[in-house]
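I opened this entry to record what I looked up, topic by topic. The structure comes first, then my notes.

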Amino acid sequence: MTDKNRVFIFDTTLRDGEQSPGATMSHAEKLEIAAMLDEMGVDIIEAGFPIASEGDFAAVSEIAKQSQNSVICGLARAQLPDIDRCWEAVKHARRPRIHTFIGTSPLHRAIPNLDMDQMAERIEQTVSHARNLCDNVQWSPMDATRTEHDYLCRVVEIAIKAGATTINIPDTVGYTAPRESADLIRMLLERVPGADEIIFATHCHNDLGMATANSLAAVEAGARQIECTINGLGERAGNTALEEVVMALRVRHDIMPFDTGIDTTKIMNLSRRVAQVSGFPVQFNKAIVGKNAFLHESGIHQDGVLKNVETFEIMRPADIGLNETNIAMGKHSGRAALRAKLKDLGYEVGDNQLKDIFVRFKALADRKKEVYDEDIVALVQDAAANTGDDHLQVKHLKVVCGSDGQSADLTMIVDGEEKTVHATGDGPVDACFNAVKQIFPHNARLQLYQVHAVTEGTDAQATVSVRMEEDGRIVNGQSADTDTILASVKAYVGALNHLIVRRAQLGRDDKQISMYSH
Ligand code: KIV
Ligand code: ZN
């Protein structure tokens, strides 16, 4: 590998991904995802937008402190106090970076009401300021793909002269197409003095479904940093998906001879964890990480794969950390077998965690004949989401359901005190949710209630996701159980527990920040 063919992976799951309405993650979840990204070999982690809220600032600072190898980057608008705040958060990192941006297209220039010269001056001033604080500075002309070419060249040159070490070219609204994405990078490399001294990054959104293709085209034209998120998480149709660009570069190395530093075997685990903590499940037919991505249902395909896997598989499940031998475990499987299975699935657990998961595994194996890998993943995720030391805990649930009506008798522990109620509703889930609301009255609005079967069969576990909103604060809850109604109640209660934590942090995590620099 020659260095000139090394492509840096810049992950923005915790900033652009988390900006997606409803994808809010807790402080602990952000730290956990950042540690996983660092371990996977992501070159740069964009950890948040420190000026946006106290919560964002705290998360970026902590991620900076815990980082091992990755560069830790924070976002800042083109304003000196934003940049100072960003530096205060990222400076703890072994390798900090400040990323500052301003919208340069005519539509974006009109909002802060700056003319071309005034904006150019602002760019010079803010990039220089960032560079005086930190020797690793990234600058982005937001909506670059709709910015006049001459003006784009002019401002990129100013940013480079002011000290930017990476210039990111965002396709903010997912408007560009592969040929144009490549042409833009080529033009900048040809026309801007000093362009060969810095790294060009590509940052694509997926509004027209072309984010991966646009990112790869930019790399072929000379960009050497791809900005992306796990599962393509992000506002609207999302950002470029990390797993897609990384696997495309690996599988088609013959025609795209570029390398990343990503340990691809960690992809699946990260994908599952991001789906869980963000409350955004991965679509079944999603490239690389979808549940069906390696399934061969049709007879012709199965026959071919059995004779030679390469007939219908261009990559192996193991390449992304998917275990190929989905051997079922049962109630006679012991603790050592469970530990080995967890390791296979990418989970390194401590002794206490193993003890807890083992108890849950035994309970599941008693109810379900065969426990598959997906069941174990759901179990681990449930254990992580519902730790048992929350304000609200479900103690006992009895549901009556049938043509004569539906009702629920629910006992919960509320901050140590036991409460029991009886409630009715339009269906068993509604009756249970009414019971929870009697015990813990609230005005939060249910935004999402979603149920998925983990495996086939009527004894399958159900994973349930619940999303709720109160005064602009969005929280998620997840749970898994063979009892769909119980999983629903636990997911609902999980969301309420997050809400209680968010209320206690009142103001700390609130983000109502405009992307414009006035
Ligand atoms: O899409 C975009 O333009 C961004 C910038 C803030 C880089 O996310
Ligand atoms: Zn973006």
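**Cysteines.** I began with Cys73, which counts as buried because its relative accessibility is 0%, under the 20% cut-off. The model is a predicted one, and I looked for disulfides in it next. I found zero disulfides in the structure. For Cys73, which is in no disulfide, the nearest cysteine sulfur belongs to Cys86 and is 6.7 Å away. The cut-off for a disulfide is a pair of cysteine sulfur atoms within 2.5 Å. I then turned to Cys432, which is in no disulfide either; the nearest cysteine sulfur there is that of Cys401, at 9.5 Å. Cys432 also has 0% relative accessibility and so counts as buried.

**Ligand 1.** Which residues are around ligand 1? I listed Arg15, Asp16, His99, Phe101, Ser140, Met142, Asn168, Pro170, Thr172, His203, His205 and Met515. By class, I noted four nonpolar, six polar and two charged residues in this shell. I also checked which elements supply at least two shell residues each: α1 (13-17), β4 (96-103), β5 (137-142) and β6 (166-171) do.

I looked up distances from oxygen atoms of the ligand to side chains. For Thr172, an N or O atom of the side chain is 2.6 Å from an oxygen atom of ligand 1. For Arg15, the corresponding distance from a ligand oxygen to a side-chain N or O atom is 2.9 Å. For Asp16, a side-chain N or O atom is 3.1 Å from an oxygen atom of ligand 1. How much of the accessible area of ligand 1 does the protein cover? I noted 97% of the 260 Å² that the ligand has on its own.

**Annotated domain.** I looked up the UniProt record, an unreviewed entry, which places the feature "domain: Pyruvate carboxyltransferase" at residues 7-268. Over residues 7-268 I recorded 45% helix and 18% strand. The end C-alpha atoms of this stretch are 21 Å apart.

**Positive phi.** I noted two residues other than glycine with a positive phi. Asn231 has a phi of about 65 degrees. I located Asn231 in the loop between β8 (225-228) and α10 (242-251). Is Asn231 buried or exposed? Asn231 counts as buried, because its relative accessibility is 14%, below the line of 20%.

The other entry is Ile288, whose phi is near 70 degrees. Ile288 lies in the loop between α11 (267-278) and α12 (299-307). With 9% relative accessibility, Ile288 counts as buried.

**Glu469.** I found Glu469 in strand β13 (residues 462-470). Its relative accessible area is 18%, so I put Glu469 down as buried; the cut-off is under 20%. What does the side chain of Glu469 reach? I noted the backbone nitrogen of Gly472, at 2.7 Å.

**His129.** My last look-up was His129, which is in helix α6 (residues 116-133). I recorded His129 as partly exposed because its relative accessibility is 22%, and that class runs between 20% and 50%. I also paired His129 with Gln79: the two are 50 residues apart in sequence. In space, their C-alpha atoms are 9.5 Å apart.

Methods
Residues numbered from 1 in each chain as written. Chains lettered and ligands numbered in written order. Predicted model: local features only at pLDDT ≥ 70, side-chain atom pairs only at ≥ 80, totals over all residues. Heavy atoms only, no water. Near = heavy atom within 4 Å. Polar contact = N/O pair within 3.5 Å; in protein donor to acceptor, adjacent residues only side chain to side chain. Areas by Shrake-Rupley, 256 points an atom, 1.4 Å probe, with all protein chains shown as cover. Helix = DSSP H or I, 4+ residues; strand = E, 2+ residues; numbered from the N terminus. Nonpolar A, V, L, I, M, F, W, Y, C, P; charged D, E, K, R; others polar. UniProt positions renumbered as here; feature names shortened; annotations may be inferred. Buried < 20%, exposed > 50% of the residue type's maximum accessible area, 1.4 Å probe, protein only.
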